[in-house]
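Trainee: I'd like to learn how to read the empty spaces and the ligand site in a protein model. Can you walk me through this one?

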Amino acid sequence: MEFREHIKYRFFDLLIDKNISFSLYRLPGEREICLVLQTSDQSETFDSLSDLNNRKGFVIAPFQLSRETPIVLIQPDIVLTGEGIIFDFLYKSSFTNTQSSIFYKESKATTFDHYQKGYTKFHEALVDGAFKKLVLSRTFEISRNEQFSAGLSFQNACNKYPDNFIFLCNSPESGTWLGCSPEILVSGQNGNWTTDALAGTKKTSDINNNVIWDNKNRLEQQIVIEYMQEQLLKADIKSTYSEPKTIRSGNLAHLKSEFTFHIDDSSKIGNLLNLLHPSPAVCGFPKKEAFDFIIENEGYDRKYYSGFLGYLDVDNKTDLFVNLRCMQIFKDNLRLFAGGGILPSSELISEWKETEYKLQTILSIINE
Ligand SMILES: C=C(O[C@@H]1C=C(C(=O)O)C=C[C@H]1O)C(=O)O
(Lines give C-alpha, C1' and ligand atoms only; values in the text may rest on other atoms or scores of the structure.)
Protein backbone atom coordinates (compact mmCIF):
# COMPACT_ATOMS: atom_id res chain seq x y z
CA MET A 1 0.00 0.00 0.00
CA GLU A 2 1.36 3.42 -1.00
CA PHE A 3 0.71 6.58 0.97
CA ARG A 4 1.24 10.12 -0.16
CA GLU A 5 3.84 11.96 1.91
CA HIS A 6 1.42 14.25 3.76
CA ILE A 7 -0.77 11.41 4.99
CA LYS A 8 1.91 8.82 5.70
CA TYR A 9 1.10 8.96 9.43
CA ARG A 10 -2.15 7.20 8.51
CA PHE A 11 -0.02 4.07 8.48
CA PHE A 12 -0.45 3.95 12.24
CA ASP A 13 -4.24 3.84 11.83
CA LEU A 14 -3.74 0.57 9.98
CA LEU A 15 -1.64 -0.86 12.81
CA ILE A 16 -4.47 0.07 15.19
CA ASP A 17 -7.11 -1.49 12.92
CA LYS A 18 -5.09 -4.70 12.91
CA ASN A 19 -4.78 -4.41 16.70
CA ILE A 20 -1.00 -4.72 16.59
CA SER A 21 0.79 -3.89 19.83
CA PHE A 22 2.99 -0.88 19.26
CA SER A 23 3.98 2.44 20.70
CA LEU A 24 4.95 5.49 18.70
CA TYR A 25 6.38 8.32 20.75
CA ARG A 26 8.45 11.49 20.72
CA LEU A 27 10.41 12.60 23.76
CA PRO A 28 10.15 16.19 25.07
CA GLY A 29 12.47 18.55 23.22
CA GLU A 30 13.55 15.94 20.65
CA ARG A 31 12.84 15.89 16.94
CA GLU A 32 12.97 12.20 16.17
CA ILE A 33 10.01 9.89 16.61
CA CYS A 34 10.52 6.33 17.90
CA LEU A 35 8.58 3.14 17.34
CA VAL A 36 8.45 0.07 19.58
CA LEU A 37 6.69 -2.77 17.79
CA GLN A 38 5.79 -6.17 19.10
CA THR A 39 5.88 -8.97 16.53
CA SER A 40 4.48 -11.72 18.76
CA ASP A 41 0.75 -11.89 19.57
CA GLN A 42 0.79 -11.61 23.33
CA SER A 43 1.95 -8.61 25.34
CA GLU A 44 3.02 -9.46 28.87
CA THR A 45 0.58 -8.32 31.55
CA PHE A 46 1.14 -7.91 35.29
CA ASP A 47 -0.95 -7.18 38.33
CA SER A 48 1.73 -5.57 40.48
CA LEU A 49 4.21 -2.78 39.82
CA SER A 50 7.05 -4.72 41.43
CA ASP A 51 6.64 -7.29 38.64
CA LEU A 52 8.29 -4.65 36.45
CA ASN A 53 11.63 -5.24 38.20
CA ASN A 54 14.15 -6.48 35.63
CA ARG A 55 11.78 -6.06 32.65
CA LYS A 56 12.22 -4.30 29.33
CA GLY A 57 9.64 -2.89 26.98
CA PHE A 58 7.02 -0.19 26.59
CA VAL A 59 4.86 -0.07 29.72
CA ILE A 60 1.24 1.06 29.91
CA ALA A 61 0.08 1.12 33.55
CA PRO A 62 -3.39 2.12 34.81
CA PHE A 63 -4.41 4.44 37.64
CA GLN A 64 -5.97 1.47 39.43
CA LEU A 65 -4.83 -2.09 38.76
CA SER A 66 -7.66 -4.48 37.98
CA ARG A 67 -8.33 -7.53 35.87
CA GLU A 68 -9.69 -5.28 33.08
CA THR A 69 -6.78 -2.85 33.33
CA PRO A 70 -3.56 -4.78 33.99
CA ILE A 71 -0.07 -3.37 33.50
CA VAL A 72 0.77 -4.05 29.86
CA LEU A 73 4.33 -4.49 28.62
CA ILE A 74 4.66 -4.18 24.85
CA GLN A 75 7.64 -6.31 23.86
CA PRO A 76 10.46 -4.34 22.19
CA ASP A 77 10.85 -6.86 19.31
CA ILE A 78 11.48 -4.03 16.85
CA VAL A 79 12.78 -0.65 18.06
CA LEU A 80 13.25 2.04 15.40
CA THR A 81 14.18 5.72 15.60
CA GLY A 82 13.63 8.41 12.96
CA GLU A 83 10.80 9.06 10.48
CA GLY A 84 12.79 7.84 7.49
CA ILE A 85 13.71 4.50 9.05
CA ILE A 86 10.25 3.94 10.51
CA PHE A 87 8.30 4.64 7.30
CA ASP A 88 10.80 2.71 5.21
CA PHE A 89 10.20 -0.29 7.47
CA LEU A 90 6.41 0.15 7.39
CA TYR A 91 6.25 0.50 3.57
CA LYS A 92 8.08 -2.80 3.22
CA SER A 93 6.37 -4.68 6.04
CA SER A 94 3.29 -6.85 5.87
CA PHE A 95 1.79 -5.15 8.92
CA THR A 96 -0.13 -2.58 6.96
CA ASN A 97 -1.54 -4.35 3.93
CA THR A 98 -5.23 -4.09 4.83
CA GLN A 99 -7.73 -1.29 4.44
CA SER A 100 -8.63 0.83 7.39
CA SER A 101 -12.28 0.68 8.50
CA ILE A 102 -13.71 3.59 10.40
CA PHE A 103 -17.11 3.89 12.06
CA TYR A 104 -19.36 6.62 13.34
CA LYS A 105 -21.37 7.23 16.52
CA GLU A 106 -23.40 9.76 18.48
CA SER A 107 -21.52 12.22 20.63
CA LYS A 108 -21.92 12.51 24.39
CA ALA A 109 -20.29 14.99 26.76
CA THR A 110 -19.85 14.77 30.53
CA THR A 111 -22.15 17.38 32.00
CA PHE A 112 -21.29 20.21 34.32
CA ASP A 113 -23.96 18.83 36.72
CA HIS A 114 -22.11 15.54 37.00
CA TYR A 115 -18.81 17.32 37.68
CA GLN A 116 -20.48 19.59 40.23
CA LYS A 117 -21.82 16.58 42.20
CA GLY A 118 -18.33 15.08 42.35
CA TYR A 119 -16.79 18.42 43.23
CA THR A 120 -19.19 18.92 46.16
CA LYS A 121 -18.27 15.52 47.65
CA PHE A 122 -14.54 16.11 47.14
CA HIS A 123 -14.64 19.65 48.48
CA GLU A 124 -16.62 18.68 51.60
CA ALA A 125 -14.09 15.95 52.44
CA LEU A 126 -11.29 18.54 52.08
CA VAL A 127 -13.01 21.17 54.21
CA ASP A 128 -13.69 18.48 56.85
CA GLY A 129 -9.93 18.03 57.03
CA ALA A 130 -9.88 14.38 55.87
CA PHE A 131 -7.46 15.26 53.04
CA LYS A 132 -4.96 17.96 52.14
CA LYS A 133 -5.54 17.53 48.40
CA LEU A 134 -7.76 15.46 46.07
CA VAL A 135 -7.61 15.28 42.29
CA LEU A 136 -11.02 15.23 40.61
CA SER A 137 -11.18 14.29 36.93
CA ARG A 138 -13.75 13.78 34.23
CA THR A 139 -14.19 12.58 30.68
CA PHE A 140 -15.35 14.33 27.55
CA GLU A 141 -16.63 12.11 24.81
CA ILE A 142 -16.99 13.00 21.14
CA SER A 143 -18.02 10.95 18.16
CA ARG A 144 -15.32 9.99 15.78
CA ASN A 145 -15.49 11.70 12.45
CA GLU A 146 -15.04 9.46 9.41
CA GLN A 147 -11.84 11.31 8.49
CA PHE A 148 -10.26 11.01 11.96
CA SER A 149 -6.69 9.73 11.90
CA ALA A 150 -4.84 8.78 15.07
CA GLY A 151 -1.55 8.87 13.16
CA LEU A 152 -2.11 12.38 11.77
CA SER A 153 -3.29 13.57 15.22
CA PHE A 154 -0.02 12.23 16.67
CA GLN A 155 1.87 14.20 14.02
CA ASN A 156 -0.12 17.36 14.92
CA ALA A 157 0.75 16.89 18.58
CA CYS A 158 4.47 16.56 17.76
CA ASN A 159 4.35 19.87 15.88
CA LYS A 160 2.20 21.71 18.40
CA TYR A 161 3.78 20.59 21.67
CA PRO A 162 7.58 20.33 21.25
CA ASP A 163 8.18 20.15 25.02
CA ASN A 164 5.74 17.36 25.81
CA PHE A 165 5.99 13.58 25.62
CA ILE A 166 3.82 12.66 22.64
CA PHE A 167 2.53 9.11 22.42
CA LEU A 168 0.22 6.90 20.39
CA CYS A 169 0.09 3.35 21.64
CA ASN A 170 -2.07 0.33 21.11
CA SER A 171 -2.41 -3.14 22.51
CA PRO A 172 -5.39 -5.50 22.67
CA GLU A 173 -5.14 -5.36 26.48
CA SER A 174 -5.01 -1.56 26.97
CA GLY A 175 -6.83 -0.27 23.89
CA THR A 176 -5.53 2.76 21.97
CA TRP A 177 -4.21 5.88 23.71
CA LEU A 178 -2.98 9.17 22.31
CA GLY A 179 -1.65 12.06 24.36
CA CYS A 180 0.87 14.77 25.08
CA SER A 181 2.04 14.57 28.68
CA PRO A 182 3.98 17.35 30.40
CA GLU A 183 4.92 15.18 33.40
CA ILE A 184 7.81 12.75 33.98
CA LEU A 185 7.15 9.98 36.47
CA VAL A 186 10.71 8.64 36.41
CA SER A 187 13.50 8.91 33.93
CA GLY A 188 16.97 7.42 34.23
CA GLN A 189 20.16 6.22 32.62
CA ASN A 190 23.48 4.96 34.04
CA GLY A 191 22.29 5.24 37.64
CA ASN A 192 21.21 8.91 37.34
CA TRP A 193 17.50 9.41 37.80
CA THR A 194 14.95 12.23 37.88
CA THR A 195 11.31 12.65 38.80
CA ASP A 196 9.01 15.69 38.63
CA ALA A 197 6.87 17.31 41.27
CA LEU A 198 4.47 19.01 38.86
CA ALA A 199 1.22 20.72 39.87
CA GLY A 200 -0.60 24.02 39.72
CA THR A 201 -2.21 25.22 36.52
CA LYS A 202 -2.76 28.62 34.95
CA LYS A 203 -3.88 29.53 31.48
CA THR A 204 -1.23 31.68 29.84
CA SER A 205 -0.12 32.93 26.49
CA ASP A 206 3.01 34.62 27.85
CA ILE A 207 5.92 33.09 25.94
CA ASN A 208 8.35 34.16 28.68
CA ASN A 209 6.48 32.15 31.31
CA ASN A 210 5.85 35.25 33.42
CA VAL A 211 3.11 33.86 35.59
CA ILE A 212 2.08 35.05 39.03
CA TRP A 213 1.20 32.04 41.14
CA ASP A 214 -1.39 32.25 43.92
CA ASN A 215 -1.14 30.42 47.24
CA LYS A 216 -3.54 27.66 46.19
CA ASN A 217 -1.34 26.62 43.26
CA ARG A 218 1.88 26.93 45.26
CA LEU A 219 0.49 24.79 48.06
CA GLU A 220 -0.79 22.22 45.58
CA GLN A 221 2.72 21.78 44.21
CA GLN A 222 4.35 21.87 47.65
CA ILE A 223 2.24 18.84 48.62
CA VAL A 224 3.72 16.93 45.67
CA ILE A 225 7.29 17.99 46.62
CA GLU A 226 6.86 16.76 50.20
CA TYR A 227 5.34 13.50 49.01
CA MET A 228 8.18 12.80 46.54
CA GLN A 229 10.79 13.53 49.15
CA GLU A 230 9.14 11.26 51.70
CA GLN A 231 8.59 8.38 49.25
CA LEU A 232 12.20 8.50 48.02
CA LEU A 233 13.43 8.43 51.61
CA LYS A 234 11.30 5.33 52.25
CA ALA A 235 13.38 3.64 49.54
CA ASP A 236 16.57 4.95 51.19
CA ILE A 237 17.16 7.27 48.26
CA LYS A 238 18.74 10.65 48.94
CA SER A 239 17.56 13.28 46.49
CA THR A 240 17.92 16.95 45.73
CA TYR A 241 15.25 19.08 44.12
CA SER A 242 15.08 22.40 42.34
CA GLU A 243 13.02 25.43 43.34
CA PRO A 244 9.60 25.43 41.64
CA LYS A 245 9.78 26.96 38.19
CA THR A 246 7.11 27.72 35.62
CA ILE A 247 6.89 25.41 32.64
CA ARG A 248 4.61 25.60 29.62
CA SER A 249 2.38 22.91 28.21
CA GLY A 250 0.51 24.39 25.27
CA ASN A 251 -1.53 27.31 26.59
CA LEU A 252 -1.12 26.21 30.18
CA ALA A 253 1.58 26.90 32.73
CA HIS A 254 2.48 24.56 35.59
CA LEU A 255 4.86 24.66 38.53
CA LYS A 256 7.61 22.07 38.43
CA SER A 257 10.48 21.00 40.70
CA GLU A 258 12.88 18.44 39.36
CA PHE A 259 14.18 15.78 41.75
CA THR A 260 17.52 14.16 40.96
CA PHE A 261 18.90 11.06 42.62
CA HIS A 262 21.15 8.10 42.10
CA ILE A 263 20.20 4.41 42.03
CA ASP A 264 22.92 1.78 41.75
CA ASP A 265 20.63 -1.15 41.12
CA SER A 266 18.00 -0.11 38.58
CA SER A 267 16.67 -3.66 38.32
CA LYS A 268 14.38 -2.79 41.26
CA ILE A 269 12.67 0.09 39.46
CA GLY A 270 9.27 -1.59 39.90
CA ASN A 271 9.59 -1.12 43.69
CA LEU A 272 10.28 2.59 43.21
CA LEU A 273 7.27 2.93 40.90
CA ASN A 274 5.18 1.35 43.63
CA LEU A 275 6.26 4.13 45.99
CA LEU A 276 5.82 7.03 43.59
CA HIS A 277 2.65 6.13 41.67
CA PRO A 278 0.05 7.58 41.93
CA SER A 279 1.48 10.83 43.21
CA PRO A 280 -0.64 13.68 44.63
CA ALA A 281 -0.34 15.33 41.19
CA VAL A 282 -3.06 12.93 39.99
CA CYS A 283 -4.40 11.35 43.19
CA GLY A 284 -4.22 13.25 46.47
CA PHE A 285 -2.80 13.32 49.96
CA PRO A 286 -2.67 11.20 52.07
CA LYS A 287 -2.19 8.77 49.20
CA LYS A 288 -3.96 5.56 50.20
CA GLU A 289 -7.03 7.29 51.62
CA ALA A 290 -7.22 9.71 48.67
CA PHE A 291 -6.93 6.81 46.21
CA ASP A 292 -9.82 4.93 47.90
CA PHE A 293 -11.90 8.11 48.04
CA ILE A 294 -11.44 8.72 44.31
CA ILE A 295 -12.34 5.13 43.39
CA GLU A 296 -15.50 5.40 45.49
CA ASN A 297 -16.64 8.91 44.65
CA GLU A 298 -15.35 10.04 41.26
CA GLY A 299 -18.10 8.19 39.46
CA TYR A 300 -16.19 6.59 36.59
CA ASP A 301 -13.21 4.33 35.90
CA ARG A 302 -10.09 6.29 34.87
CA LYS A 303 -8.58 3.17 33.26
CA TYR A 304 -5.13 4.16 31.96
CA TYR A 305 -5.65 7.93 32.34
CA SER A 306 -3.44 9.19 35.20
CA GLY A 307 -1.54 5.91 35.10
CA PHE A 308 1.86 6.04 33.43
CA LEU A 309 3.50 4.95 30.24
CA GLY A 310 6.85 4.93 28.48
CA TYR A 311 9.80 2.69 27.85
CA LEU A 312 11.47 0.67 30.53
CA ASP A 313 15.11 -0.25 30.19
CA VAL A 314 15.16 -0.08 26.39
CA ASP A 315 18.78 0.50 25.28
CA ASN A 316 19.59 0.96 29.01
CA LYS A 317 17.27 3.97 29.27
CA THR A 318 13.98 4.44 31.08
CA ASP A 319 11.55 7.29 30.46
CA LEU A 320 8.13 6.97 32.06
CA PHE A 321 5.51 9.71 31.92
CA VAL A 322 2.19 10.27 33.64
CA ASN A 323 -0.67 9.54 31.23
CA LEU A 324 -2.18 13.04 31.02
CA ARG A 325 -3.68 15.30 28.32
CA CYS A 326 -4.79 12.12 26.65
CA MET A 327 -7.66 10.31 24.99
CA GLN A 328 -8.68 6.74 24.51
CA ILE A 329 -9.54 5.99 20.91
CA PHE A 330 -12.49 3.72 20.21
CA LYS A 331 -13.88 2.62 16.86
CA ASP A 332 -16.81 5.03 17.08
CA ASN A 333 -15.75 7.71 19.52
CA LEU A 334 -12.92 9.46 21.32
CA ARG A 335 -12.88 9.74 25.12
CA LEU A 336 -10.80 12.61 26.47
CA PHE A 337 -9.71 12.94 30.09
CA ALA A 338 -8.82 15.86 32.34
CA GLY A 339 -8.58 16.57 36.03
CA GLY A 340 -7.18 18.98 38.54
CA GLY A 341 -6.10 19.21 42.16
CA ILE A 342 -8.77 20.43 44.59
CA LEU A 343 -7.84 22.04 47.92
CA PRO A 344 -10.12 23.40 50.67
CA SER A 345 -9.58 26.86 49.14
CA SER A 346 -10.70 25.77 45.64
CA GLU A 347 -13.64 27.27 43.74
CA LEU A 348 -15.96 25.19 41.61
CA ILE A 349 -16.03 27.35 38.47
CA SER A 350 -12.29 27.88 38.25
CA GLU A 351 -11.65 24.13 38.76
CA TRP A 352 -14.19 23.30 36.04
CA LYS A 353 -12.53 25.81 33.69
CA GLU A 354 -9.15 24.24 34.41
CA THR A 355 -10.44 20.89 33.13
CA GLU A 356 -11.84 22.67 30.05
CA TYR A 357 -8.43 24.20 29.28
CA LYS A 358 -6.71 20.83 29.73
CA LEU A 359 -9.23 19.19 27.38
CA GLN A 360 -8.51 21.94 24.86
CA THR A 361 -4.85 20.83 24.73
CA ILE A 362 -5.85 17.47 23.36
CA LEU A 363 -8.94 18.57 21.39
CA SER A 364 -6.80 20.93 19.36
CA ILE A 365 -4.61 18.16 17.92
CA ILE A 366 -7.46 15.99 16.65
CA ASN A 367 -7.09 15.54 12.93
CA GLU A 368 -10.33 15.11 11.01
C1 LIG B 1 -4.64 15.80 36.38
C2 LIG B 1 -4.07 16.48 35.38
O3 LIG B 1 -2.93 17.23 35.51
C4 LIG B 1 -2.20 17.26 36.74
C5 LIG B 1 -2.81 18.21 37.67
C6 LIG B 1 -2.41 19.52 37.71
C7 LIG B 1 -3.13 20.52 38.59
O8 LIG B 1 -4.03 20.12 39.32
O9 LIG B 1 -2.84 21.73 38.53
C10 LIG B 1 -1.32 19.96 36.95
C11 LIG B 1 -0.59 19.08 36.23
C12 LIG B 1 -0.78 17.63 36.38
O13 LIG B 1 0.04 17.17 37.42
C14 LIG B 1 -4.62 16.41 34.00
O15 LIG B 1 -4.02 17.01 33.10
O16 LIG B 1 -5.66 15.75 33.80
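Mentor: Sure, and keep in mind that this is a predicted model. Let's start at the ligand: one of its oxygen atoms is 2.9 Å from an N or O atom in the side chain of Glu-220.

Trainee: Which other side chains have a polar atom listed with a distance to a ligand oxygen?

Mentor: Take Thr-201, where an N or O atom of the side chain is 2.5 Å from an oxygen atom of the ligand. Then there is Glu-354, with a polar side-chain atom 3.3 Å from a ligand oxygen.

Trainee: How much of the ligand's accessible area does the protein cover?

Mentor: On its own the ligand has 390 Å² of accessible area, and the protein covers 100% of that.

Trainee: Which residues come nearest to the ligand?

Mentor: There are 17 residues around it, and the nearest are Glu-183, Thr-201, Tyr-305, Arg-325 and Gly-341.

Trainee: Now the empty spaces. How do I look for them?

Mentor: The general idea is to roll a probe the size of a water molecule over the atoms, which shows where empty space is left. In this structure, a search of the whole model turns up two cavities of 30 Å³ or more. The largest holds about 200 Å³ of space.

Trainee: What lines the largest cavity?

Mentor: It has 21 lining residues, and Ala-281, Leu-324, Arg-325, Gly-339 and Lys-358 are the closest to its centre. Arg-325 should ring a bell, as it is also among the residues nearest the ligand. The elements giving two or more residues to this lining are β7 (133-143), β11 (192-203), β19 (333-342) and α8 (348-363). The largest share comes from β19, with five residues.

Trainee: How does that lining divide by class?

Mentor: Nine residues are nonpolar, six are polar and six are charged.

Trainee: What about the second largest cavity: what is its volume, and which residues are closest to its centre?

Mentor: Its volume is about 70 Å³. It is lined by 15 residues, with Glu-183, Leu-185, Ser-279, Val-282 and Val-322 closest to the centre. Two or more lining residues come from each of β10 (184-189) and β11. By class, this lining has eight nonpolar, five polar and two charged residues.

Trainee: Where does UniProt place a domain?

Mentor: An unreviewed UniProt entry puts "Chorismate-utilising enzyme C-terminal" at residues 113-358. That span is 31% helix and 37% strand, and its end C-alpha atoms lie 19 Å apart.

Conventions
Residues numbered from 1 in each chain as written. Predicted model: local features only at pLDDT ≥ 70, side-chain atom pairs only at ≥ 80, totals over all residues. Heavy atoms only, no water. 1 Å grid on protein atoms, 1.4 Å probe; cavity = no way out; pocket = protein on both sides within 12 Å on 5 of 7 lines; lining within 4 Å. Points joined across faces, edges and corners; volume = space filled by probe spheres on them. Helix = DSSP H or I, 4+ residues; strand = E, 2+ residues; numbered from the N terminus. Nonpolar A, V, L, I, M, F, W, Y, C, P; charged D, E, K, R; others polar. UniProt positions renumbered as here; feature names shortened; annotations may be inferred. Near = heavy atom within 4 Å. Polar contact = N/O pair within 3.5 Å; in protein donor to acceptor, adjacent residues only side chain to side chain. Areas by Shrake-Rupley, 256 points an atom, 1.4 Å probe, with all protein chains shown as cover.
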